[in-house]
Amino acid sequence: GVLGDARAIPALIAKIDYAGAPGKGARSRRINKTNINAARALAMLKTDAALDPIVRLTNSSDQNTVQASLESLGDLGDAKGVKTLTEFATTASHPFIRKTAVIALGKIGSPDTIAPLILSLYQELPGVSFYLEARHSLVQVGPTAIPALLETLDRKNASVEAVRLTDGQPIAEGAIEGKAAFVLGVLRAKEAEEKLAKAMTNFYRTFKTDETVFASIPGAVSEIAYSLGYIGGTKAQSAVEKIVGDANPNLRIAGVESLVEMGAKSSVRTLTKVVKSGTGDLKSVMDAIAMLGGASDASTLTALAAKNEALKSKSEAGLKAIEAAGTCKEDLACWGTKLADANATVRRRAVRELGWASHQESLEGLLKAAEDDDPRVRIAAHSALIRLKGVDVAKLESIHKTWSKKSEYRNANQDLKRTIALLKNTQGA
């Protein structure tokens with residue numbers, strides 16, 4: 001029949017064997033394959049009549065059928081399937097089945113998916129976390145999740161507070177705030193800026209004064225710093241500046257990358273002081289100066305290279321970006337020409353400048369940058385595109401499909417997935 005023909009629904013339902021067929025024999029394979037294909041076809045038809053048969057198939061004795069049915073509930077997109085998916089997402093004993101349900105909840109994205117998805121940020125099975133799947137699903141849900149995430153950040157989410165890990169212990173200190181912060185940051189939740197800045201400052205104080213502190217504390221500081229970078233603002237900048245001089249390389253890197261993300265050019269003075277101290281990881285700080293500094297900051301990078309041969313190549317790349325800043329200054333058309341520069345650091349600086357300025361005329365150039373050879377240029381392009389209107393999401397989906405299996409772009413691809421989800425929310429897709 002014709003693809004999408006609703007007249008096929010009764011025939012599809014009639015072929016379903018709800019009991020399923022355990023085992024690997026030919027009969028079992030035939031029955032289960034038929035059930036799986038029926039569930040997927042019903043979901044594609046996007047009809048109310050599909051819900052009940054697919055829900056019933058989640059009780060199949062065949063695990064593959066259960067998985068396919070949960071996926072189909074997500075593809076169907078009917079909010080009436082949330083109750084079933086929530087049960088699997090929060091109680092299923094098989095990790096992959098639970099992950100499938102969490103992903104399906106994100107595809108539906110209705111308000112009643114928020115509570116189980118936030119809970120899934122923290123629940124675990126032995127050796128298995130659902131954090132990555134849950135946080136992406138919450139990004140798909142979008143801004144409607146922000147109030148509940150703020151409640152979680154404030155430690156007022158009773159369900160999360162009641163979670164116990166597989167060893168019976170409560171969630172590690174800082175982990176509740178850190179995980180909620182990640183999603184709030186990606187969602188650019190401006191209303192979270194002050195709360196996150198305060199939380200990060202408090203955790204950092206604990207890290208510096210308590211010798212028995214758990215690793216989860218600096219982890220929370222780092223996670224919140226990145227989130228503040230996405231959100232930006234004076235409180236965010238002030239809080240993040242406090243950690244860029246820390247000897248802990250993870251904190252320093254999180255701090256400087258956060259300042260770059262928010263375009264905090266006034267922080268170059270702080271970054272210069274860190275570089276002149278000559279201690280700790282200096283490459284990340286030099287890179288931030290290359291992204292944020294002006295012509296007058298070239299001497300900082302030159303002096304470092306003269307003192308330390310190991311920093312010479314980083315200095316040279318940074319100097320090219322600084323030179324471009326001296327040439328282009330605030331001229332966005334000039335920065336647009338730098339998108340095609342042979343030097344990746346210059347291209348990344350150009351992408352950042354155009355993104356900070358929300359330069360709509362650079363839309364096509366920034367879309368091309370999302371497929372740059374350098375993964376850091378790609379990530380910068382994603383950040384820039386989020387600030388623009390009329391982004392071709394289908395083009396970004398095509399880029400993701402093309403490069404999703406390339407390990408050298410793993411982080412960029414994950415960031416691209418989040419960018420696509422954000423843009424779909426913004427555009428009402």
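Start by selecting helix 6 (95-108), helix 8 and helix 25, each of which supplies at least two residues to the lining of the second largest pocket. Keep in mind, as you click along, that this is a predicted model.

**Stop 1: the second largest pocket**

Which helix gives the most to this lining? Colour helix 8 to see the answer: helix 8 contributes seven residues, the most to the lining of the second largest pocket. To find the middle of the site, show Leu-132, Glu-133, His-136, Gln-414 and Lys-417 as sticks, since these lie nearest the centre among the 20 lining residues. The space inside comes to about 490 Å³. If you colour the lining by residue class, you should find four nonpolar, eight polar and eight charged residues.

**Stop 2: from helix 8 to helix 11**

Stay with helix 8, residues 131-141, and add helix 11, residues 175-186. The two pack at an angle of about 35°, and their axes are 9 Å apart. Turn the view to look through the pair, and you will see helix 8 pass helix 11 in a right-handed crossing. For the contact itself, select Tyr-131, Arg-135, Leu-138 and Val-139 on helix 8, then Lys-179, Phe-182, Val-183 and Val-186 on helix 11. This contact holds six nonpolar and two charged residues, with no polar ones.

**Stop 3: the other partner, helix 9**

Leave helix 11 on screen and bring in helix 9 (residues 146-153), whose axis comes within 9 Å of that of helix 11 and crosses at roughly 155°. Because of that angle, helix 9 counts as roughly antiparallel to helix 11. The crossing here is left-handed. On the helix 9 side, pick Ile-146, Leu-149, Leu-150, Thr-152 and Leu-153; they meet Ile-176, Glu-177, Ala-180, Val-183 and Leu-184 of helix 11. Sorted by class, the contact has eight nonpolar residues, one polar and one charged. Notice Val-183, which appears in this contact and also in the one with helix 8.

**Stop 4: the largest pocket**

Helix 11 leads on to the next site. Select it together with helix 13 (216-231), helix 15 (249-262), helix 17 (283-292), helix 21 (344-356), helix 23 (375-386) and helix 25 (410-426): each supplies at least two residues to the lining of the largest pocket. Helix 25 should be familiar from the second largest pocket, where it also supplies at least two residues. How much space lies in the largest pocket? About 820 Å³. Centre your view on Tyr-226, Tyr-230, Glu-257, Ile-379 and Asp-415, which lie nearest the pocket's centre out of 34 lining residues. Colouring that lining by class gives 11 nonpolar, nine polar and 14 charged residues.

**Stop 5: helix 4 and helix 5**

For the last stop, select helix 4 (residues 63-76) and helix 5 (residues 82-91), whose axes come within 10 Å and cross at roughly 130°. Helix 4 is therefore oblique to helix 5. Helix 4 passes helix 5 in a left-handed crossing. Show Val-66, Leu-70 and Leu-73 from helix 4 with Thr-84, Leu-85 and Phe-88 from helix 5 to display the contact. What classes make up the contact of helix 4 with helix 5? Five of the residues are nonpolar and one is polar, while none is charged.

How values were computed:
Residues numbered from 1 in each chain as written. Predicted model: local features only at pLDDT ≥ 70, side-chain atom pairs only at ≥ 80, totals over all residues. Heavy atoms only, no water. Axes fitted to C-alpha atoms, helices over the stretch in contact; angles between N-to-C directions. Helix = DSSP H or I, 4+ residues; strand = E, 2+ residues; numbered from the N terminus. Left-handed = near helix turned anticlockwise from the far one by under 90°. Contact = heavy atoms within 4.5 Å. Nonpolar A, V, L, I, M, F, W, Y, C, P; charged D, E, K, R; others polar. 1 Å grid on protein atoms, 1.4 Å probe; cavity = no way out; pocket = protein on both sides within 12 Å on 5 of 7 lines; lining within 4 Å. Points joined across faces, edges and corners; volume = space filled by probe spheres on them. Parallel < 35°, antiparallel > 145°, perpendicular 65-115°, else oblique.
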